[in-house]
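Ready for a short walk through this protein? Keep your viewer open and follow along, one selection at a time.

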Amino acid sequence: LKKEYLAEVEGHVKGGKLEHYLVHGSHRAEISKEGKLATLTYEVEEEREKTTLVRIYLDTGRYHQIRAQFAHIGHPLVGDVKYGSTIASGRVHLHHAQVTF
């Protein structure tokens, strides 16, 4: 099972791989040394003036994984005030684009 997502993140990023350990906190995920491994890879689809559109491929499917990992590297999802977004849009810019069996 392969899951692909599209997300708009604050700032400019280059494609890469994120690997962190996550724990499920109070209605959010937290980066922790004692959590479960969470990995994803991503590539840039489009660079915009203040944001970047990325395509994300999940290796694991942890609770709020994408949101927590991008926030941790300083690039929260646009509109995701729970994880530190400074761009209020009324919604989190995250879309489940494709699932492949």
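**A helix across the strands**

Start by selecting residues 65–72, helix α1, which lies across β1, β2, β3, β4, β5 and β6. Now add β4, residues 36–47, and look along both: the helix runs at about 75° to β4. Bear in mind as you go that this is a predicted model.

**The whole chain**

Zoom out and colour by secondary structure. You should find one helix and six strands, and reading along the sequence gives the pattern β-β-β-β-β-α-β. The C-alpha trace spans about 35 × 30 × 20 Å along its principal axes. For 101 residues, a compact globule would have a radius of gyration near 13 Å, and the chain agrees with that because its own value is 13 Å.

**The sheet**

Next, hide the helix and show the strands alone. In what order do the six strands sit in the sheet? Reading across, the order is β3-β2-β4-β5-β1-β6, in an open sheet with antiparallel pairing. Select β3 (29–31) and β6 (94–100) to see the edges: each has a single partner strand, so one side of each is left without a neighbour in the sheet. Tilt the view to follow the twist, which averages 40° from one strand to the next.

Now pick out β1 (residues 2–10) and β5 (residues 51–58), an antiparallel pair joined over eight bridges. For a landmark, click Ala7, whose bridge partner in β5 is Val54.

**The cores**

Keep Val54 selected and add Leu40, Tyr42, Ile56, Ile66 and Phe70 as sticks. In the largest nonpolar core, which has 13 residues, these six touch the most other members. Two or more core residues come from each of β1, β4, β5 and α1. Nonpolar side chains in soluble globular proteins tend to be buried together.

Centre on Leu40 and show its surroundings. Beyond its neighbours within four places in sequence, Leu40 is in contact with residues including Gly16, Lys17 and Leu18, then Ile56, Tyr57, Leu58 and Asp59, and also Gln65, Ile66, Gln69 and Phe70. Apart from the largest core lies another one, of five residues; to find this core, select Leu22, Ala29, Ala38 and Tyr83, which are among its members.

**A last look**

Finish with the surface on. The accessible surface comes to about 6,000 Å², and 49% of this area belongs to carbon and sulfur atoms. Beneath the surface view, buried residues make up 40% of the 101 in the chain. Among contacts between residues at least 6 apart in sequence, 60% join residues at least 24 apart.

Note on methods. Residues are numbered from 1 along each chain as its sequence is written. This is a predicted model: local features need pLDDT of at least 70, side-chain atom pairs count only at pLDDT 80 or more; totals for chains, interfaces and linings use all residues. Side-chain values use heavy atoms; hydrogens and water are left out. Two strands pair if DSSP finds at least two bridges between them. Helices (H or I, at least four residues) and strands (E, at least two) are DSSP runs, numbered from the N terminus. Axes are lines fitted to C-alpha atoms, for helices over the stretch in contact, and angles run from 0 to 180 degrees between N-to-C directions. Contact means heavy atoms within 4.5 Å. A nonpolar core is a set of buried Ala, Val, Leu, Ile, Met, Phe, Trp, Tyr and Cys residues joined through side-chain atoms within 4.5 Å. Buried means under 20% relative accessible area, exposed over 50%, partly exposed in between (1.4 Å probe, protein chains only). The radius of gyration is taken over C-alpha atoms; the globule rule is 2.2 Å times the number of residues to the power 0.38. Accessible areas come from the Shrake-Rupley method with a 1.4 Å probe; for residues, only the protein chains shown count as cover.
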